[in-house]
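Q: Please take a close look at one part of this structure and set out in detail how it is placed and what surrounds it. A connected account, extended to the neighbouring elements and then to the chain as a whole, would be welcome.

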Amino acid sequence: MEGIIVKENYDGVPRRASQVWEELKTFEPVELFIYKNGTDAILQGFYKYNPNPHVLGLYDICEVPNFIARDKYGDEFRTSGLNCGYVGEGPRGAIAILEKLGIENAEHIVTRNSVLYIEMKSGTPKVEAGRSVFDDYLKGPMERTF
């Protein structure tokens, strides 16, 4: 069953993203996807595509979320204002949501990982966390590993 995007916010402002989340009072997520880099979200298929008949390519990807919450019906909340991978306003907003959802060690999980997947279908949250596929490439040239 394919879901719909019930609410979205792509202005990148964490405060507004948190406000939009609060408006979804009855939304109960069973999966969360949180990314530091939008490119990781694109690789997982989270983006809006607006084809330009004159120039085809990545330019056609117009909105990329860093935070996606999906409910049991497949409906999604998407925003670019909440993310992970560092200490900042966007991750603090993500931490606040995770804490309200009962995720333990939310601050540690969010600030120390570039890619997060949290599954809550069974009632007990299961966290898969790791690095971005681009982490090595974003470091300085002398720090890269191949």
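A: D11 is situated in the loop that links β1 (5-9) to α1. The model is a predicted one, and the description that follows is to be read accordingly. The relative accessible area of D11 is 35%; this value falls between the limits of 20% for buried and 50% for exposed residues, so D11 is classed as partly exposed.

The side chain of D11 takes part in two polar contacts. In one of them, a polar atom of this side chain lies 3.0 Å from the backbone nitrogen of V13. In the other, the side chains of D11 and R16 are joined at 2.5 Å. When residues up to four places away in sequence are set aside, D11 touches R16 and S80. R16 thus appears both as a contact of D11 and as its partner in a side-chain polar contact. A further relation across the sequence concerns G81: this residue is 70 residues from D11 along the chain, yet the two C-alpha atoms are separated by 6.8 Å.

The loop of D11 leads to α1, and this helix, residues 14-23, packs with α3, residues 89-100. Two packed helices are described by the angle between their axes and the distance between the axes. For α1 and α3 the angle is about 20° and the axes are 9 Å apart. Since angles under 35 degrees count as roughly parallel, α1 and α3 are described as roughly parallel to each other. The crossing of α1 past α3 is right-handed. On the α1 side, the residues that meet the partner helix are P14, R15, S18, W21 and E22, and on the α3 side they are E89, G90, G93, I97 and K100. Sorted by class, this contact holds three nonpolar, three polar and four charged residues.

Beyond α3, the loop between α3 and α4 contains N105. The phi angle of N105 is near 55°, a positive value in a residue other than glycine. N105 has a relative accessibility of 57% and therefore counts as exposed, the limit being over 50%.

Helix α4 (106-111) includes V110 and T111. V110 has a relative accessibility of 0% and so counts as buried. Apart from neighbours within four places in sequence, V110 is in contact with N83, C84, G85, Y86, P91, A94, I95, L98 and L116. One of these contacts, G85, is 25 residues from V110 along the chain, with a separation of 6.1 Å between the C-alpha atoms. T111 likewise counts as buried, at 16% relative accessibility. A polar atom of the T111 side chain lies 2.7 Å from the backbone oxygen of E107. With residues up to four places away in sequence left out, T111 touches G85, Y86, V87 and I95. G85, Y86 and I95 are thus contacts of both V110 and T111.

N113 follows in the loop between α4 and β7 (115-119). This residue has a relative accessible area of 17%, and because buried means under 20%, N113 is assigned to the buried class. A polar atom of the N113 side chain lies 2.8 Å from the backbone oxygen of I109. Residues up to four places away in sequence being excluded, N113 touches C84, G85, H108, A129 and G130. C84 and G85 are also among the contacts of V110.

Elsewhere in the chain, Y49 belongs to strand β3 (residues 48-49). Y49 is partly exposed, with a relative accessible area of 48%. The C-alpha atoms of Y49 and E63 are 7.6 Å apart, while the two residues are 14 apart in sequence.

These local features belong to a protein chain with five helices and eight strands. Their order from the N terminus is β-α-β-α-β-β-β-β-α-α-β-β-α. The chain has 146 residues, of which 42% count as buried. Among contacts between residues at least 6 apart in sequence, 57% join residues at least 24 apart. The pairing of V110 with G85, 25 residues apart along the chain, is one example of a relation over such a span, and the C-alpha separation of D11 and G81, 70 residues apart, is another relation of this kind across the sequence.

How values were computed:
Residues numbered from 1 in each chain as written. Predicted model: local features only at pLDDT ≥ 70, side-chain atom pairs only at ≥ 80, totals over all residues. Heavy atoms only, no water. Helix = DSSP H or I, 4+ residues; strand = E, 2+ residues; numbered from the N terminus. Buried < 20%, exposed > 50% of the residue type's maximum accessible area, 1.4 Å probe, protein only. Polar contact = N/O pair within 3.5 Å; in protein donor to acceptor, adjacent residues only side chain to side chain. Contact = heavy atoms within 4.5 Å. Axes fitted to C-alpha atoms, helices over the stretch in contact; angles between N-to-C directions. Parallel < 35°, antiparallel > 145°, perpendicular 65-115°, else oblique. Left-handed = near helix turned anticlockwise from the far one by under 90°. Nonpolar A, V, L, I, M, F, W, Y, C, P; charged D, E, K, R; others polar.
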